[in-house]
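This report looks at one residue and its surroundings, then at the cysteines, and ends with the chain as a whole.

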Amino acid sequence: ENGERVYTCAHCNETKTETLVFHAPYIGRYDCSEDGSKITKIYWQIISDTLYVYENIDTPEWSAYKDDIATAVFTKNATVIPVRACYKYPNLTTVNAAAAETVGAYAFDECQSLTSLKIDAAKLEDYAFYGCTALESFDLGNHLTEVGRNVFKNCTALQSVTVQNGVEKIGYGMFEGCSALEDIDLPDSVDEIGAHAFENCS
């Protein structure tokens, strides 16, 4: 099917429109060859309602499309999820970032439709999942070594959290206001629990 793809060329910094024999047009950021005739690298793209991030990006260049994104996929080269990556995305339901090592501050803050989350990061920065009021469960994985403040604060539907052996710290206010959280098993590896970590939990 013929279509048009609009992209910003990182080489010449110009907005280009390319006519394609392609399934559908899509939005993203690309590198192109010097003559502008072909795409040589894809940084991110939105196909249908899914955001795909292929490289580490300093700022969320896709934020203008926040209302259209239901799924965010950060692939193996996208090891750092940027600050405010999906800040207050109203329709985001699913995040798959299994290779991410760092989740930036406010990355998924107040994503109130988020129900499915696959992340095994070493670092969760401040307010990374604050106010994700539809999220019911989460597995912290066993790589977590650095935790910011109020990471899951006010995730009011959160009922189940799996803390794997190897996690050493439950951060300041980490589960504060998680009113549905009734029980959590902490492994022997946890040697620090921050102030207000479980305040106002069931």
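In this predicted model, A121 touches A100, E101, T102, V103, H143 and L144, when residues up to four places away in sequence are left out of the count. The residue is found in the loop between β10 (116-119) and β11 (123-124), and A121 is nevertheless buried, with a relative accessible area of 3%. One of its contacts, A100, lies 21 residues away in sequence, while the C-alpha atoms of A121 and A100 are 5.6 Å apart in space.

A search of the whole structure for disulfides finds zero. The sulfur of C111 has its closest cysteine sulfur in C132, at 5.3 Å, which is too far for a bond, given that a disulfide requires the two sulfur atoms to be within 2.5 Å. C201 is likewise in no disulfide, as the nearest cysteine sulfur, that of C178, is 5.2 Å away. The two cysteines are set out below with their accessibility.

| Cysteine | Nearest cysteine sulfur | Relative accessible area | Class |
|---|---|---|---|
| C111 | C132, 5.3 Å | 0% | buried |
| C201 | C178, 5.2 Å | 22% | partly exposed |

Turning to the whole chain, the protein has zero helices and 16 strands, and of its 202 residues 44% count as buried. The chain exposes about 10,000 Å², of which carbon and sulfur atoms supply 42%. Among contacts between residues at least 6 apart in sequence, 17% join residues at least 24 apart.

Methods:
Residues numbered from 1 in each chain as written. Predicted model: local features only at pLDDT ≥ 70, side-chain atom pairs only at ≥ 80, totals over all residues. Heavy atoms only, no water. Helix = DSSP H or I, 4+ residues; strand = E, 2+ residues; numbered from the N terminus. Buried < 20%, exposed > 50% of the residue type's maximum accessible area, 1.4 Å probe, protein only. Contact = heavy atoms within 4.5 Å. Areas by Shrake-Rupley, 256 points an atom, 1.4 Å probe, with all protein chains shown as cover.
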